[in-house]
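Welcome, and thanks for opening your viewer. Let's walk through this chain together, one selection at a time.

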Amino acid sequence: MKIYVVGGAVRDELLGLPVKDRDRVVVGATPDEMVKLGFKPVGKDFPVFLHPETHEEYALARTERKSGRGYKGFTVYASPEVSLEDDLRRRDLTINAMAKAEDGSLIDPFHGRRDLEQRTLRHVSEAFPEDPVRILRVARFAARFGFEVAKATMELMRKMVDSGETEYLVAERVWQEFSKGLMEDHPERMFDVLSACGFMSKNLPEIQAVPRRFTGSLPMRFAALAWHMPAEKAEALADRLKAPNDPRELGSLASRNRDLLGAAKRPEEFLDLLKKTDAFRRPDRFAELLGVARQEGVETARFERARAAAAAVDAAGIAQRGGDIAKAVDEARLKAIAALR
């Protein structure tokens with residue numbers, strides 16, 4: 001039995017980056033042998049075990065064969081006869097198909113180190129098209145490292161899109177990679193790659209324009225994308241991706257209030273914006289919306305002052321006087337905003 005560190009940990013170490021997680025592959029062992037050594041089996045789709053002391057994951061070397069559509073359409077084969085090279089061959093990119101032995105030596109059968117040095121994203125083998133989510137992974141790594149996609153790999157990705165295989169992607173898996181790509185240093189590179197291979201026009205047709213700069217939280221970055229869309233398209237994109245509530249809501253606010261953020265001048269317009277965006281009950285979300293607007297060149301200090309002035313109105317005191325409370329509070333807030341000028 002031999003144990004190797006594989007994948008991202010090896011890649012990041014060669015790049016001089018911090019290594020967060022170490023994935024390990026075990027060659028020459030059976031599930032029963034792993035259990036006898038105290039490892040706890042946890043894998044549902046293939047043999048993965050937790051170390052009895054460190055609780056780190058150890059996976060038996062395996063191969064995969066495409067047997068149907070979608071990400072579950074695979075037959076997994078794990079056996080002591082599966083070699084390390086067999087296991088590495090099923091991986092997506094050469095830079096993720098390297099291993100490090102217990103003595104520290106590098107095993108690099110597909111020249112991943114060379115591609116790291118040449119800043120190239122290259123598929124490992126003919127198995128690459130079997131999982132279309134790899135298109136998104138390539139785009140995400142382009143956003144992370146700024147590497148170029150090898151010509152043959154890009155051509156393969158175009159063929160995958162044209163074949164219709166990407167239509168079987170599960171929305172949750174797309175969001176997982178898409179959201180990670182949005183949080184990389186250069187998300188615009190992800191969109192460049194997805195556009196070049198045809199994925200964007202076929203699978204994300206709502207996206208017609210992409211900001212050249214993204215900052216802030218994940219909801220802010222999604223909202224920056226939604227800013228450039230009509231509201232119905234921003235919401236359709238969120239539905240298509242099954243986006244969580246926070247990015248979905250901020251994206252909708254950005255697309256629906258883009259014009260008002262850019263044009264508001266009168267106190268009535270300021271108060272209208274504050275009410276439409278629920279700025280009094282959700283100040284943190286409103287602050288993120290203003291952050292997105294600033295990225296788009298909107299001067300937002302006036303909205304911050306307007307919200308602070310309107311929020312300082314004693315709504316509880318007004319309520320004690322009775323009458324049309326909502327109207328009285330609005331009038332007091334309008335007066336407070338107008339006093340800022």
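**First stop: a parallel pair**

Begin by selecting residues 23-27, strand β2, together with residues 57-60, strand β5: the two pair in the parallel sense over three bridges. Keep in mind as you look that this is a predicted model. To find a point of register, pick R24 and then Y58, its bridge partner in β5.

**Next: a hairpin**

Keep β5 on screen and add residues 48-50, which are strand β4; three bridges join β4 to β5, and these two strands run antiparallel. Click on V48 and then on A59, its bridge partner in β5. Now show what lies between the strands: β4 and β5 form a hairpin with six residues between them. Which residue in the turn has a positive phi? Label H55, where phi is about 65°.

Stay in the loop between β4 and β5 and select E53. Is E53 buried or exposed? E53 is exposed, because its relative accessible area is 66%, and over 50% counts as exposed.

From E53, try a distance line to G317. The two are 264 residues apart in sequence, and their C-alpha atoms are 61 Å apart in space.

**Then: strand β1 and its two neighbours**

Select residues 2-6, strand β1. Four of the five residues of β1 are buried, so this strand is mostly covered. On one pairing, β1 and β2 are antiparallel and share five bridges. Colour V6 and D23 to see one position where they stand opposite each other, D23 being in β2.

For the other pairing, add residues 99-100, strand β8: two bridges join β8 to β1, again in the antiparallel sense. Two positions are handy to label here. V6 stands opposite A99 in β8, and V5 stands opposite K100 in β8. V6 therefore has a facing residue in β2, namely D23, as well as A99 in β8.

**Put the sheet together**

Now show the strands as one group. In general, strands of a sheet pair through backbone hydrogen bonds, either parallel or antiparallel. In this model, seven strands form an open sheet in the order β3-β4-β5-β2-β1-β8-β9, with mixed pairing. Which strands stand at the edges? Select 40-41 for β3 and 106-107 for β9: each has a single partner strand, so one side of each is left without a neighbour in the sheet.

**Zoom out**

Reset the view and bring back the whole chain, which has 17 helices and eleven strands. Along its principal axes, the C-alpha trace spans about 80 × 45 × 40 Å. What is its radius of gyration? The chain has 26 Å, whereas a compact globule of 341 residues would have a value near 20 Å.

Switch on a surface to finish. The accessible surface comes to about 17,100 Å², and carbon and sulfur atoms account for 48% of that area. Buried residues make up 48% of the 341 residues. If you colour by charge, you will be looking at 57 positive and 55 negative charges, whose mean positions are 4 Å apart. Finally, turn on contacts: of those with a separation of 6 or more, 63% are between residues 24 or more positions apart.

Note on methods. Residues numbered from 1 in each chain as written. Predicted model: local features only at pLDDT ≥ 70, side-chain atom pairs only at ≥ 80, totals over all residues. Heavy atoms only, no water. Rg over C-alpha atoms; globule rule 2.2 N^0.38 Å. Buried < 20%, exposed > 50% of the residue type's maximum accessible area, 1.4 Å probe, protein only. Contact = heavy atoms within 4.5 Å. Areas by Shrake-Rupley, 256 points an atom, 1.4 Å probe, with all protein chains shown as cover. Lys, Arg positive; Asp, Glu negative; His and termini not counted. Charge placed at Lys NZ, Arg CZ, Asp CG, Glu CD.
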